[in-house]
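Work through the exercises below with the model open beside you. Try each task before reading its solution.

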Amino acid sequence: MAQVEATTERIIAADAETVFDALADYAGTRGKLLPEHFSEYEVREGGDGEGTLVHWKLQATSKRVRDCLLEVSEPTDGQLVEKDRNSSMVTTWTVTPAGEGRSRVVAATVWNGAGGIGGFFERTFAPKGLGRIYDTLLANLAAEVEG
């Protein structure tokens with residue numbers, strides 16, 4: 001099994017604290033940011049950053065639906081880590097200042113991919129597909145927080 005990684009980033013015209021707070025607001029803002037690839041969104045514990053337990057289904061392709069139950073932690077300032085209890089998938093959101101009134105948001109997801117030919121296709125296509133999904137989420141985040 002090889003590790004698969006998908007990373008996307010965006011500069012947003014809002015300060016890092018505002019952007020981070022919106023991302024960490026699972027009980028409110030986060031659900032509004034999710035593109036159509038996400039369904040059955042539900043906060044099961046917490047709702048604001050560290051200690052949150054959130055569920056969703058992620059439909060990456062017409063045939064591939066991942067049932068996710070994510071534990072949220074904040075290991076350092078400006079960082080949210082979502083660990084899926086149902087798989088090896090971990091997404092790290094990092095928000096850093098990027099000049100006056102701007103911030104950089106990086107979403108990096110890693111998981112243990114399949115072996116064999118299926119794993120080859122997963123490593124080839126999954127990062128691009130997940131990148132497009134997160135690009136949409138980050139565009140929605142920018143629309144939400146930019147003044």
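**Exercise 1. Place E82 in this predicted model and decide whether E82 is buried or exposed.**

Solution.
- Step 1. Find the element. E82 sits in strand β5.
- Step 2. Check the accessibility. The relative accessibility of E82 is 1%. Buried means under 20%, so E82 counts as buried.
- Step 3. Look for polar partners of the side chain. One polar contact, of 2.9 Å, links E82 to the side chain of R30. Another, of 3.3 Å, links E82 to the side chain of W93.
- Step 4. List the wider surroundings. Leaving out residues up to four places away in sequence, E82 touches Y26, R30, W56, L70, E71, V72, M89, V90, T91 and W93.

**Exercise 2. Which element holds R30, and what does the side chain of R30 contact?**

Solution.
- Step 1. Locate R30. It lies in helix α2, residues 29–33.
- Step 2. Test for burial. R30 has 1% relative accessibility, so R30 counts as buried.
- Step 3. Collect the polar contacts. The side chain of Y26 is 3.4 Å from that of R30 in a polar contact. The side chain of E82 makes a polar contact of 2.9 Å with R30.
- Step 4. Add the other neighbours. Beyond four places in sequence, R30 is in contact with A22, L23, D25, Y41, W56, L80, E82 and W93.

**Exercise 3. Give the order of the strands in the sheet, and explain why β1 and β2 stand at the edges.**

Solution.
- Step 1. Read across the sheet. Seven strands form an open sheet, ordered β1-β7-β6-β5-β4-β3-β2. The pairing is antiparallel.
- Step 2. Go to the ends of that order. β1 (3–12) and β2 (38–45) each have a single partner strand, so each has one side without a neighbour in the sheet.
- Step 3. Note the twist. On average, neighbouring strands are turned by 20° against each other, direction ignored.

**Exercise 4. Trace the pairings of β6 with β5 and with β7.**

Solution.
- Step 1. Take β5 and β6. They pair in the antiparallel sense over five bridges. K83 stands opposite V90 in β6.
- Step 2. Follow the chain between them. A hairpin of five residues joins β5 to β6.
- Step 3. Take β6 (residues 90–97) and β7 (residues 103–112). Eight bridges hold this antiparallel pair. T92 faces A108 in β7, and W93 has A107 as its bridge partner.
- Step 4. Inspect the turn. Five residues lie between the strands in the hairpin of β6 and β7, where G99 takes a positive phi near 100°.

**Exercise 5. What is the sign of phi at E40?**

Solution.
- Step 1. Recall the background. Most residues other than glycine have a negative phi.
- Step 2. Read the angle. Phi of E40 is near 55°, a positive value in a residue that is not glycine.
- Step 3. Place the residue. E40 belongs to strand β2.

**Exercise 6. Describe how helix α1 starts and where helix α1 packs.**

Solution.
- Step 1. Find the cap. D15 caps the N-terminal end of α1, with a side-chain oxygen 3.2 Å from the backbone nitrogen of E17.
- Step 2. Set the helix on the sheet. α1 (residues 16–24) lies across β1, β5 (79–84), β6 and β7, and runs at about 155° to β6.
- Step 3. Name the buried residues. They are A16, V19, F20, A22, L23 and A24.
- Step 4. See what these residues meet. They pack against β1, α2, β5, β6, β7 and α3.

**Exercise 7. Compare the end-to-end distance of α3 with its expected span, and find where α3 kinks.**

Solution.
- Step 1. Work out the expectation. The 30 residues of α3, at 1.5 Å a residue, should span 44 Å.
- Step 2. Compare. The end C-alpha atoms of α3 are 43 Å apart, which agrees.
- Step 3. Locate the kink. A kink of about 35° lies at F125, shortly before the proline P127.

**Exercise 8. Is R66 buried or exposed, and which side chain makes a polar contact with that of R66?**

Solution.
- Step 1. Place R66. It is in strand β4.
- Step 2. Apply the cut-off. R66 has 14% relative accessibility, so R66 counts as buried.
- Step 3. Find the polar contact. The side chains of R66 and S87 meet at 3.2 Å.
- Step 4. Relate R66 to W56. They are 10 residues apart along the chain, and their C-alpha atoms are separated by 8.4 Å. W56 is among the residues that R66 touches, as are D84 and E122.

Technical notes:
Residues numbered from 1 in each chain as written. Predicted model: local features only at pLDDT ≥ 70, side-chain atom pairs only at ≥ 80, totals over all residues. Heavy atoms only, no water. Pairing = 2+ DSSP bridges. Helix = DSSP H or I, 4+ residues; strand = E, 2+ residues; numbered from the N terminus. Axes fitted to C-alpha atoms, helices over the stretch in contact; angles between N-to-C directions. Contact = heavy atoms within 4.5 Å. Buried < 20%, exposed > 50% of the residue type's maximum accessible area, 1.4 Å probe, protein only. Polar contact = N/O pair within 3.5 Å; in protein donor to acceptor, adjacent residues only side chain to side chain. Expected span 1.5 Å × (residues − 1). Bend = angle between axes of the 7 residues up to and from the residue.
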